[in-house]
Amino acid sequence: MSLLSVRNLSVSFATSAGVFKAVDSVDIKVDKGEILSIVGESGSGKSVSMLAVMGLLPWTATVTADEMIFDGHDLSMLSARQRRHIVGKDLAMIFQEPMSSLNPCFTVGWQIKEALRLHLGLDRRARHARAVELFELVGIPAPEKRLSAFPHQLSGGMNQRVMIAMAISCNPKLLIADEPTTALDVTIQAQILDLLTGLREETGMGLVLITHDMGVVAETAERVSVQYAGQKIEEQPVASLFRAPHHPYTAALLDALPERATDKRLPTIPGVVPGQFDRPAGCLFSPRCKYADDKCRAKPPPPLGGDLGYARCFYPLNTDERAAS
Amino acid sequence: MSDTLSAEVKMIQNRPGRLREFWFYFRENRGAVFGLWIFVGFVLLAAFAPLIAPHDPSAQFRAFALRPPVWQDGGTWRFPLGTDPLGRDMLSRLIVGARYSFFVGIVVVAVAASGGIIIGLVAGFAPRWLDAIIMRIMDIILAFPSLLLALVLVAVLGPSLTNAMIAIAIVLQPHYVRLTRASVLSEKQKDYVTSARVAGSGLIRLMFVTVLPNCLAPIIVQGALSFSTAILDAAALGFLGMGAQPPTPEWGTMLAEAREFILRAWWVVTFPGVAILVTVLAINLMGDGLRDALDPKLKRS
Amino acid sequence: MLKYLAARLLTFVPTFIGVTLISFAFIRLLPGDPIIVMAGERGMTEERYAELSAQLGFDRPIYVQFWEYLTGVLQGDLGQSFVTRRPVWDEFFSLFPATLELSIFAMIFALALGLPAGVIAAVNRGKFFDRALMSTALVGYSMPIFWWALLLIIIFSGQLGWTPVSGRIDLIYYFSNPTGFMVIDAIKSGQEGALASALRHLVLPAIVLGTIPLAVIARQTRSAMLEVLGEDYIRTARAKGLPPLRINGIHALRNALIPVITVIGLSVGTLLAGAILTETIFSWPGIGKWMVDSIFRRDYPVVQGGLLLIAVMVMLVNLTVDLLYGVINPKIRKR
């Protein structure tokens with residue numbers, strides 16, 4: 001039984017110019033203690049799908065799913081109050097911008113202890129002890145002193161550690177990290193990723209890592225789900241995905257990695273992700289795909305079987321190297 | 001190549017005029033449109049007051065003093081909103097009173113805005129020391145509560161509607177100075193001003209032709225707001241006996257005259273106040289709409 | 001921070017001198033010779049006129065007069081009232097508590113209703129509650145408060161007979177007034193019903209005076225809250241599973257208060273302007289009524305001194321708000 005199981009999730013936004021589908025029938029499955037990485041360009045709906053699971057979307061969003069089960073609870077059936085008992089405790093999330101994700105008017109210690117009191121009901125002294133312990137866990141030096149600092153007095157990397165400490169404060173079963181390193185310096189990025197994977201080993205929580213960086217995926221993830229324009233177009237264990245991508249988009253993404261470049265010039269994917277008004281009738285990737293033909297442009301391909309990474313493609317690549325698992 | 005060219009031409013043709021675009025955004029705010037209609041009614045009333053008013057506003061019908069409105073016992077259709085203690089028709093006085101309020105608003109805004117814009121432009125373009133002196137003077141004026149300063153100014157100049165308007169204009173003017181100066185300082189940084197300067201525009205041209213039109217949006221909004229402030233302050237001065245003098249049918253002065261009758265004849269107190277409130281409310285509704293329509297920050301992309 | 005404080009205090013000095021100059025100039029611009037006004041109906045002889053003129057210093061050059069006025073002001077000497085013969089300084093501070101008491105209650109009324117109204121409107125953006133509250137706020141903002149006062153008197157004093165029309169307390173209660181705050185003195189006096197009477201006198205003027213600040217606070221709170229509610233840290237608070245009351249009431253409101261407090265501080269001038277009208281209508285023996293009466297009586301030293309003290313008061317409040325801004329906004333405090 002998996003920890004998080006979402007089937008056929010769709011999210012649409014009512015805008016002044018009509019309905020915009022940000023997430024289109026996506027399936028997500030995370031097992032206990034597993035690291036799943038969701039990869040995609042900006043606007044591919046990867047963050048929105050996880051915000052939908054957390055219930056953090058604004059009211060302009062409409063969320064539908066056949067199934068949205070976390071740890072035995074059907075999230076779509078819970079009341080707002082019941083949901084709040086799970087969100088922040090068993091299901092936690094950290095965000096892209098650590099500087100703006102912390103409240104500038106309160107000390108970081110206050111912000112951590114707040115969650116401890118709410119979810120765990122610890123008394124003042126226990127809260128303080130736990131906060132110090134958490135700061136040590138995420139590698140913040142001089143925790144006693146740092147607890148009384150305001151977010152603007154700390155660096156971005158330090159703030160992201162605070163965010164992580166806050167997210168893991170109640171021992172969550174699943175942590176969703178939404179581009180946790182994008183806004184940070186390259187040297188800090190590796191530290192934060194190491195911290196997250198290390199914490200996963202220690203606590204045994206599941207981890208969803210949302211990123212656009214294939215390099216991050218290669219270093220950390222166990223299973224990878226590739227999203228494009230609101231759809232999941234491929235999902236594979238990380239090793240086989242890197243060895244044998246089945247969807248042309250995945251292949252193109254991998255080709256764009258500097259480490260894998262064979263040419264003098266780095267290959268790029270021409271064009272941009274389709275927006276609200278230029279969605280193609282057929283395969284969403286067809287306008288940018290070098291293999292696309294009239295069939296691709298005419299009708300959308302359904303996902304293939306698990307042996308082909310559920311790829312949404314009529315002409316999957318590397319079919320002779322089917323994933324063994 | 002030709003494709004992109006034709007697309008560009010088409011875009012330019014399709015782009016709505018500034019006024020049309022403004023109207024599009026303004027119309028989205030239903031309250032603002034509502035306020036606009038009331039304001040138009042108010043302006044028409046002020047313009048054609050002598051034709052609309054059923055009686056001369058200062059004609060005294062002594063036999064009909066303190067008649068209640070028509071729907072109450074003792075009211076007659078001759079005086080639909082009743083009469084005041086001297087037997088003057090309330091409705092006629094209210095209609096003619098619209099003239100005074102409108103006049104006050106227009107004159108005050110015109111004087112305060114033109115003076116404030118020029119001083120603000122000067123401050124924005126002036127050397128540091130002159131700018132500092134101008135802004136300190138504005139700080140000094142702003143340190144006095146506006147109504148108190150207007151009150152003392154009127155006491156100096158002598159109580160009359162004209163002097164009240166002058167006093168209110170002086171009191172409101174620093175807001176325009178500050179607003180204009182702030183926009184000028186931020187506009188001056190922009191490249192189009194530099195390019196105009198490089199192209200050899202003189203200082204006066206730079207001030208009034210290049211920069212000023214780009215600072216107008218907040219000033220227009222301030223204009224609407226100070227229109228309503230002017231009406232309110234003039235009425236307050238009239239109420240304190242320092243504005244229009246009786247028997248002028250100015251709304252604030254009417255209220256002052258009616259004060260002693262508040263517990264006996266509610267209509268002489270209620271109607272002038274409603275007139276002030278509705279007018280000011282309509283203008284403020286419009287002002288909110290103007291702000292939303294002119295402020296690019298709030299526009300939906 | 002210290003540097004900022006010093007710079008801020010430095011701009012205070014020229015403004016203070018300017019304010020003194022303006023209030024000094026009024027006595028010379030007001031129509032009519034003040035000495036003849038002093039004499040009143042009886043008139044006076046030439047010698048008496050010269051004597052008084054010398055006594056008031058009117059025979060010396062104007063810059064000397066200004067210098068003496070300025071040094072006098074700094075020593076708390078603002079001259080004497082023509083009417084009561086008492087020092088203006090003493091009169092001001094014996095009446096000031098009445099105005100302060102009224103303003104405090106007006107502000108409590110405005111804050112107690114304005115902050116929740118703004119928060120509720122922002123949280124329910126675009127829905128019925130938002131529209132209803134903001135329409136009401138705009139009506140309050142557009143209200144001619146002198147008329148609003150009369151309307152409330154008609155309803156609550158005339159029709160319902162709940163509240164008195166004027167004054168600070170019923171005449172049957174008599175006690176000395178050591179603090180000048182009627183509510184505190186009434187409690188101290190221990191007389192039965194004194195406090196209730198004082199509060200009943202206070203309620204209508206406080207509502208009238210608080211109406212425009214209430215509307216301003218509600219509108220400002222709403223727009224500040226709307227801005228804050230879109231911030232990332234609100235999403236974080238929701239991701240922590242906090243209840244909405246805590247998110248809106250603590251996480252969001254604490255940030256939204258920063259611009260709102262500035263607006264509150266800057267509305268002190270408006271409050272004092274409103275006090276002029278409110279005190280006149282309710283015969284409230286405070287600074288506002290004193291100023292209006294003095295203007296009508298042509299009591300020049302009082303007009304001059306009162307104008308100056310009120311302006312200094314407003315400047316001091318603005319200064320305090322500036323400094324307070326550093327306290328409520330942690331980003332400024334520790335830099």
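Start by selecting residues 265-287 of chain B in this predicted model. The C-alpha atoms at the two ends of this span lie 34 Å apart, and the span is 96% helix with 0% strand. Now pick residues 147-172 of chain B for a second look. Here the end C-alpha atoms are 10 Å apart, while the span is 88% helix and 0% strand.

Where do these two selections come from? Both are on the list that an unreviewed UniProt entry gives for chain B under "transmembrane region". That list also includes residues 32-53, 100-126 and 224-245, so you can colour them too if you like.

Next, show chains B and C together. Which elements of chain B touch chain C? In total, 34 residues of chain B are in contact with 37 residues of chain C. On the chain B side, the elements giving two or more residues are α6 (128-143), α7, α10 (203-239) and α12 (266-294). The largest share, 9 residues, comes from α12(B). Colour this side by class and you will find 26 nonpolar, 5 polar and 3 charged residues.Finally, zoom in on one helix pair: α7 of chain B (residues 146-157) and α12 of chain C (residues 268-282). At what angle do their axes cross? They cross at roughly 50° and come within 7 Å, which means that α7(B) is oblique to α12(C). To see the contact itself, select Ser146(B), Leu147(B), Leu148(B) and Leu151(B) on α7(B). They meet Gly269(C), Leu272(C), Ala273(C) and Ile276(C) on α12(C). By class, this contact of α7(B) with α12(C) holds 6 nonpolar and 2 polar residues, with no charged ones.

Terms used. Residues are numbered from 1 along each chain as its sequence is written. Chains are lettered from A and ligands numbered from 1 in the order in which they are written. This is a predicted model: local features need pLDDT of at least 70, side-chain atom pairs count only at pLDDT 80 or more; totals for chains, interfaces and linings use all residues. Axes are lines fitted to C-alpha atoms, for helices over the stretch in contact, and angles run from 0 to 180 degrees between N-to-C directions. Helices (H or I, at least four residues) and strands (E, at least two) are DSSP runs, numbered from the N terminus. Angles under 35 degrees count as roughly parallel, over 145 as roughly antiparallel, 65 to 115 as roughly perpendicular and the rest as oblique. Two residues are in contact if their C-beta atoms, placed from the backbone, lie within 7 Å. Ala, Val, Leu, Ile, Met, Phe, Trp, Tyr, Cys and Pro count as nonpolar, Asp, Glu, Lys and Arg as charged, and the others, Gly among them, as polar. UniProt positions are given in the numbering used here, feature names are shortened, and annotations may be inferred rather than shown by experiment.
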